[in-house]
Amino acid sequence: MVTKRVYCVGMFFGAHVSVAGGVQNAPLNAAKIGCEVFQFFSRSPQGGPAPKLTSENVEAFLKSCKELDMREWVIHTPYYINFASGEERTRKNSVRIVREELERGTTLNAKYVMFHPGSAKDVGKDKARKFVIDGIKHIYDKYSGACELLIEISAGAGMVIGDTFEEIAELIEGVGHPKLGVCFDTQHAFASGYDLRTKEAVEETFKKFDKIIGLKKLKMSHCNDSKVELAGHRDRHEHLGEGHIGLKGFDAIVNHPKLKHMNLYLETEHDKVVEDLKKLKKMREGK
Ligand SMILES: [Zn+2]
């Protein structure tokens, strides 16, 4: 049974859900665990061509989203995207795939597609940033869809691009597209050295974000606690309250007056994602 929400103020919460059996199954998978919004892969994250979206699939997907009262849904791009690769073929493929996901997102009425720019280990940071900017510009070539593109903040492992607010601002400025936005990720930001453990720390971090990138560019956030410490520079998600960020930090994010415009998406293991969602809803209710 799927129970409907009674009321809601501020943010909506959801999780990354499976599309096993077809994209049309995602909304029900989301509703079953208590999501109000959801994220999914529209194609295999490991590789291969995207499954064709038939009109039956799309219709069933949209009907299900409506019936289940989903507020927003977004698409995560595959893991192998790397705009900064030393291989031209990889760079071109990355552009083609993200563009395809934007088109597919538009067909599925998804609000955003988010991606990680990639790693600078082949070509060094300066050239990598240039490659990323060129790549994103190409994604937008003659694109007129409604689905919007977001750069996701990285955890800062190795020579990854997009782990600081300054670097993200540089990419956004370099591309110069009015709709290019940012997907925050609490775990990645924390691992990159942005503290989120207390109300004061959250205030400070988003003040910095506002100053360097601008809060209007902040469109959504992945919501994960962290298995690694502040500035641990590794991408390791943990259930809310069981990691180094802690519940106080998430409470401060949920109740931050300037963050009400964005929704939170859990990317924690599915064993306890239901509990994670319940925790967020409690925070929203002020409990
Ligand atoms: Zn994430």
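**Exercise 1. Which residues does Phe-38 touch, leaving out those up to four places away in sequence?**

Solution.
- Step 1. Start at Phe-38 and skip its close sequence neighbours. Phe-38 touches Gly-14, Ala-15, Val-17, Ala-26, Pro-27, Ala-30, Met-70 and Trp-73. The model is predicted.
- Step 2. Place Phe-38 in the interior. The largest nonpolar core has 79 residues. Phe-38 is listed with Tyr-112, Val-113 and Val-182 as having the most contacts inside that core.
- Step 3. Look for the main contributor. Helix α4 (residues 125-139) supplies the largest share of this core, five residues.

**Exercise 2. Compare the radius of gyration of the protein chain with that of a compact globule of 287 residues.**

Solution.
- Step 1. Take stock of the elements. The protein chain has nine helices and 10 strands.
- Step 2. Get the expected value. For 287 residues, a compact globule would have a radius of gyration near 19 Å.
- Step 3. Compare. The protein chain has 18 Å, so the value agrees with a compact globule.
- Step 4. Add the outer dimensions. Along the principal axes, the C-alpha atoms fill a box of roughly 50 × 50 × 30 Å.
- Step 5. Check burial and contacts. Buried residues account for 45% of the 287 residues. Of the contacts between residues at least 6 apart in sequence, 75% join residues at least 24 apart.

**Exercise 3. Which strands pair with β7, and in what sense?**

Solution.
- Step 1. Locate the strand. β7 covers residues 218-223, and six of its six residues are buried.
- Step 2. Take one partner. β6 pairs with β7 in the parallel sense, over four bridges. Here Phe-184 stands opposite Ser-221 in β7.
- Step 3. Take the other partner. β7 and β10 (residues 263-266) run parallel and are joined by four bridges. His-222 stands opposite Tyr-265 in β10.
- Step 4. Recall a rule for strands. In a regular strand, side chains alternate between the two faces of the sheet.

**Exercise 4. How many residues of helix α8 are buried, and what covers them?**

Solution.
- Step 1. Count. α8 spans residues 247-254, and six of its eight residues are buried.
- Step 2. Name them. They are Gly-249, Phe-250, Asp-251, Ala-252, Ile-253 and Val-254.
- Step 3. Find the cover. It includes α7 (199-212) and α9 (273-284).

**Exercise 5. Are Asp-69 and Lys-142 buried or exposed?**

Solution.
- Step 1. Recall the background. Most residues other than glycine have a negative phi.
- Step 2. Take Asp-69. Its phi is positive, about 60 degrees, although Asp-69 is not a glycine. Asp-69 sits in the loop between α2 (55-67) and β3 (72-76).
- Step 3. Count around Asp-69. There are 12 other C-beta atoms within 10 Å, and the cut-off for exposed is 12 or fewer, so Asp-69 is exposed.
- Step 4. Take Lys-142. Its phi is near 55 degrees, also positive in a residue other than glycine. Lys-142 lies in the loop between α4 and β5 (148-152).
- Step 5. Count around Lys-142. With 5 other C-beta atoms within 10 Å, Lys-142 is exposed.

**Exercise 6. Where is His-177 found?**

Solution.
- Step 1. Place His-177. The residue is in the loop between α5 (165-175) and β6 (181-185).
- Step 2. Assign exposure. His-177 has 14 C-beta neighbours inside 10 Å. Partly exposed lies between the cut-offs of 12 or fewer and 20 or more, so His-177 counts as partly exposed.
- Step 3. Relate His-177 to Glu-59. The two are 118 residues apart along the chain, and their C-alpha atoms are separated by 31 Å.

Note on methods:
Residues numbered from 1 in each chain as written. Predicted model: local features only at pLDDT ≥ 70, side-chain atom pairs only at ≥ 80, totals over all residues. Helix = DSSP H or I, 4+ residues; strand = E, 2+ residues; numbered from the N terminus. Contact = placed C-beta atoms within 7 Å. Pairing = 2+ DSSP bridges. Core = buried A, V, L, I, M, F, W, Y, C linked by C-beta atoms within 7 Å. Rg over C-alpha atoms; globule rule 2.2 N^0.38 Å.
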